Protein chains: 2
Amino acid sequence: MARLPQYVRALRALDERGVTTVSSEELALAAHVGSATLRKDLSCLGSFGTRGVGYGVAPLLVVVEREIGPGRCWNVAIVGIGSLGHALANHGGFAGASTRVVALFDADPAVVGFTVAGLVVRDAADLEAGVAELDVRIGVLAVPGGPAQGLCDRLVAAGVTSLLSFVPDDLAVPDHVGLRSVDLSSELAILAYREGRRAADDGATGTGGGDVSAAAGPDRSLVGIS
Amino acid sequence: MARLPQYVRALRALDERGVTTVSSEELALAAHVGSATLRKDLSCLGSFGTRGVGYGVAPLLVVVEREIGPGRCWNVAIVGIGSLGHALANHGGFAGASTRVVALFDADPAVVGFTVAGLVVRDAADLEAGVAELDVRIGVLAVPGGPAQGLCDRLVAAGVTSLLSFVPDDLAVPDHVGLRSVDLSSELAILAYREGRRAADDGATGTGGGDVSAAAGPDRSLVGIS
DNA sequence: TCGAGTTCGTGCATCCGTTCACAAGCCCTA
DNA sequence: TAGGGCTTGTGAACGGATGCACGAACTCGA
């Protein structure tokens, strides 16, 4: 299940606040899911809380973290050190407990050799060698459009088995490779679409600013649930 | 439906290649969905292809684009011009047909006043004024953690009704505000999780590199389906 | 020790989205 | 003009996920 990171975040927050036990209601509220869903997930995970009391925060955190990242820390390479690649390399969250950015690649000689986020940007020509040498299993594609498919193929051929793509175009990968695609323009397009729908549904209210006519239900949506 | 941008992309690609008609099979293949799903979506949209022939690319493109963005172009403001905000401002896809970046804000005096992607970075103190003045309806939050909730509240109070957040923490918004959250670290965590699962499922194959044992089914997943 | 209150774990109904399968309809050919 | 071959549009079935409701188990207080 892809809700586990959500649970980990909520549990960490509770742990830092000194909370030792939580009921499924509270944790579900913090993780923005139904309490029944949460209990089902946790039971499916084999974990056990105490009836009449709740879940112990620390033990549950250990269990969920063990499930989410089984001890192993995966090496990540970022390909394409443009402004987006820069941002990703500097992004704190990318240095999580179960992933570690170990290599940066770019094809532009003007970028190769510079140090970004403590790593020297390597030439994209050395991609295969670097991936094999560092045992990189996860590749992040932050290249714009054109050469993306070629770089994707080279990463896969070099042994990468999971890809996180920020490329607007579609990428073709073998079945055994996990591909996750974040299309920033689509994200915005979807928001614009909803904005348009809302304007249409509101009818002739014009350019109402403080309109609080809900009727849209819970609109929260966390991207990345597969 | 959130698949419409996908369809638009596929249709644009076909249109540029000079294709005038497509069958649902071809278009579904290009958009990575089932042909039945595609037909259902299009029929639900009220549009009509020609039986025995297929869909006309140009008319269908017009219909879908009209549906996705009803003529209106929404103004977008990016808050937080760090490396990620920089990347987003320069990102070509953000200047789509239905959205346009019209303002950049940052609280850091070292950034305010500089020109990024053709726009002068404004002081976050002027956020309310800028949003109201430019009729901004969509806000992009690219600030790291801390002040995110406060800025979020100020954006909402100023009239923003859709938010795209890159903040790792959870944001609370009123019900009538559409929130879409892209958590980059969660994306990577999910990939790492699958990588771990795969390693566990493979059993004792060790550090097999060229392992092509699929059995995972279609692993393609496009983020952003709500 | 015993009962009341609380909370986990889980079977069941419900709902959404997708897929299957087929009738309706259009083009092309004879 | 009539028939065959495709393709759309749609009703029905399937699968997965979500939410509800209830039994089981634990704690607390008398």
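1. Definition to start with: helix axes here are lines fitted to C-alpha atoms over the stretch in contact, and angles run from 0 to 180 degrees between N-to-C directions. Keep in mind that this is a predicted model, where local features need pLDDT of at least 70, side-chain atom pairs count only at pLDDT 80 or more, and totals for chains, interfaces and linings use all residues. Residues are numbered from 1 along each chain as its sequence is written, with chains lettered from A and ligands numbered from 1 in the order in which they are written.

2. The α2/α3 pair in chain A. Helix α2(A), residues 24-31, packs on α3(A) at an angle of about 105°, and the axes are 8 Å apart. The two are therefore roughly perpendicular (the class runs from 65 to 115 degrees). On the α2(A) side the contact uses A:S24, A:E25, A:L27, A:A28 and A:A31, which meet A:S35, A:L38 and A:R39 of α3(A) (contact: C-beta atoms, placed from the backbone, within 7 Å). Sorted by class, that is four nonpolar, two polar and two charged residues. Here Ala, Val, Leu, Ile, Met, Phe, Trp, Tyr, Cys and Pro count as nonpolar, Asp, Glu, Lys and Arg as charged, and the others, Gly among them, as polar.

3. Chain B's version. For α2(B), residues 24-31, and α3(B), the angle is about 105° and the axes lie 8 Å apart. That makes this pair roughly perpendicular too. B:H32 sits in the loop between α2 and α3 of chain B, and has a positive phi of about 60° despite not being a glycine. B:H32 is partly exposed, with 16 other C-beta atoms within 10 Å; buried takes 20 or more such atoms, exposed 12 or fewer, and partly exposed lies in between, with C-beta atoms placed from the backbone.

4. DNA strand D. There are 22 residues around this strand, and the closest are A:G34, A:G52, B:S43, B:R51 and B:G52 (near means a C-beta atom, placed from the backbone, within 6 Å). The elements giving two or more residues are α3 (35-44) of chain A and α3 (35-44) of chain B. The top contributor is α3(B), with five residues. By class the surface has eight nonpolar, 10 polar and four charged residues.

5. DNA strand C. Again 22 residues surround the strand, with A:S43, A:F48, A:G52, B:G34 and B:G52 nearest. Here α3(A) gives the most, with five residues. The split is seven nonpolar, 10 polar and five charged.

6. Chain A overall. I count eight helices and 10 strands, using DSSP runs numbered from the N terminus (helices: H or I, at least four residues; strands: E, at least two). Of its 226 residues, 41% are buried. Residues 24 or more positions apart make up 56% of the contacts with a separation of 6 or more.

7. Helix α7(A), residues 148-158. Its buried residues are A:A148, A:L151, A:C152, A:L155 and A:V156. They span an arc of only 135° around the axis, so they lie on the same side of α7(A) (the arc being that of directions from the helix axis to the C-beta atoms). What covers them includes β3 (74-79), α6 (127-134), β7 (136-141) and β8 (162-165) of chain A. Just after the helix, A:G159 has a positive phi of about 120°.

8. One more backbone spot to check. A:A117 is in the loop between β5 (115-116) and β6 (119-123) of chain A. Its phi is near 55°, a positive value in a residue other than glycine. A:A117 is buried, with 20 other C-beta atoms within 10 Å.

Conventions: Two residues are in contact if their C-beta atoms, placed from the backbone, lie within 7 Å. Angles under 35 degrees count as roughly parallel, over 145 as roughly antiparallel, 65 to 115 as roughly perpendicular and the rest as oblique.
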